[in-house]
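This report introduces one protein chain to a reader who has not met it before. Please look over the sequence and the structure before reading on.

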Amino acid sequence: MKLLVISPSIDVCFVTAILLVMGLSTPGQAEVTSLDSGNIDDVLNNAGVALVNFYADWCRFSQMLHPIFEEASNIVREEFPDTKQVVFARVDCDQHSDIAQRYRITKYPTLKLFRNGMMMKREYRGQRSVVAIADFIRQQQVDPVKEIHSLEEVNTLDRSKRNIIGYFETKDSDNYHTYEKVANILRDDCTFLAAFGAVSQPERFSGDNVIYRPAGENAPDMVYFGSLANMDLSYAWTQDKCVPLVREITFENGEELTEEGIPFLILFHIKEDTESLEMFQQEVARQLISEKGSINFLHADCDKFRHPLLHIQKTPADCPVIAIDSFRHMYVFPDFKDVSVPGKLRQFVLDLHSGKLHREFHHGPDPTDSTPGQEETGEVASSPPESSFQKLAPSETRYTILRRDRDEL
């Protein structure tokens, strides 16, 4: 369905009138919950799926989305009448700036998906139409767990994917209900399967059981030894297996990664150069596992991301290159060959957190800690001089093709 292209200068009431004629809005019937600091946790924690519209009244795109969002909520409510199964909600970010800050909202409107109170990393970036939004919610209601009817199916799994397999006595159990919740949250990161009753019996010699089957034909299975009914433990273990320590950044997920709000440690490498990637992955796991959560470990295709390389005066011919993007500046790891030197990569990250990299970016090497080879020139090997373009270019413009239907703060 094609929507009219409406000039921002047209009055919002006129926009609504047009949508009414098109059959896209039915004011007075919308079931959209307004969230504030007093009810947001209760509403989201009790919703299987919640789609939240973070908006600002002054934003023309927010104004245009309101009737569309309301009509989509009406359609979804008819199909899923249980108010705890699906919730459509909205936050006025001008009135509730604390909530906007809590969820790092920087553009309006932003549509965030929540499951059982947990915000999903992948926000809704599809078409802003009634049909598309309703279809998106329908997709979220599809059971993420595929039932196994024969253990032979386990032997034919796609080994290019990460698989989580659960063996349960029955679907009606706390163990399986927790497994379902975890699968819903991580449905985009792993394939989830489950066997029940007699089919699962051979794998339940000591009770219900969950295993992780990594990607790769010869990769061994890993068994979960924690409490299957404990949501926090089950989620933490599964997330660790499903979300790789070093992720690839692409134009599709760049904005999403940026919105996580923590700096990037990036390996820029030629796509075919798997040796450098493996070395980087090993050293991140060896030196930086304790920094997980304070910095994102990423790798990027040099040819695709030539623009970020230009910020550090590099080209694909210089790859592999390691750099930190703090969202303010980019800092270059002096020499990729030193990545396997014990503690070298870790110190690079610690220098970011201590402010040393930022300080040296502007003022040159610390007088008591000059890097060999810098004394003669007085240059800072870790980063080029800052340009006015660098000051104006936010990190997301380096890694994404931004949406044109949102207003920035």
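## Arg 162 and its surroundings

In this predicted model, Arg 162 has a relative accessible area of 29% and is therefore partly exposed, a class that lies between buried, under 20%, and exposed, over 50%. Arg 162 sits in the loop between β7 (145-147) and β8 (163-168).

Leaving aside residues up to four places away in sequence, Arg 162 touches Asp 189, Cys 190, Thr 191, Tyr 212, Arg 213, Ala 215, Lys 241, Cys 242 and Pro 244. Pro 244 is 82 residues from Arg 162 along the chain, and the C-alpha atoms of the two are separated by 10.0 Å.

## The chain as a whole

The chain has 409 residues, and 48% of them are buried. It contains 15 helices and 17 strands. About 20500 Å² of the chain is exposed, with carbon and sulfur atoms supplying 51% of that area.

Of the contacts between residues at least 6 apart in sequence, 73% join residues at least 24 apart.

## An open sheet of five strands

Strands of a sheet pair through backbone hydrogen bonds, in a parallel or an antiparallel sense. Here five strands make an open sheet with mixed pairing, in the order β1-β3-β2-β5-β6. The edges are β1 (32-34) and β6 (118-119); each has a single partner strand, so one side of each has no neighbour in the sheet.

Strand β5 (residues 110-115) pairs with β6 in the antiparallel sense, over two bridges. Phe 114 stands opposite Met 119 in β6.

## The largest pocket

The largest pocket holds about 850 Å³ of space. Its lining has 41 residues, and those nearest the pocket centre are Arg 122, Asp 188, Asp 189, Arg 247 and Glu 256. Asp 189 is also among the residues that Arg 162 touches. By class, the pocket lining has 16 nonpolar, 10 polar and 15 charged residues.

## Cavities

Rolling a probe the size of a water molecule over the atoms shows where empty space is left. Four cavities of 30 Å³ or more are present in the structure, and the largest has a volume of about 80 Å³. Two elements, α6 (174-185) and α8 (231-242), give two or more residues to the lining of this largest cavity. The largest share, four residues, comes from α6.

The residues that line the largest cavity are Ile 164, Asn 175, Thr 178, Tyr 179, Val 182, Val 210, Tyr 224, Leu 228, Ser 234, Trp 237 and Thr 238. Seven of these are nonpolar, four are polar and none is charged.

Definitions and conventions:
Residues numbered from 1 in each chain as written. Predicted model: local features only at pLDDT ≥ 70, side-chain atom pairs only at ≥ 80, totals over all residues. Heavy atoms only, no water. 1 Å grid on protein atoms, 1.4 Å probe; cavity = no way out; pocket = protein on both sides within 12 Å on 5 of 7 lines; lining within 4 Å. Points joined across faces, edges and corners; volume = space filled by probe spheres on them. Nonpolar A, V, L, I, M, F, W, Y, C, P; charged D, E, K, R; others polar. Buried < 20%, exposed > 50% of the residue type's maximum accessible area, 1.4 Å probe, protein only. Contact = heavy atoms within 4.5 Å. Areas by Shrake-Rupley, 256 points an atom, 1.4 Å probe, with all protein chains shown as cover. Pairing = 2+ DSSP bridges.
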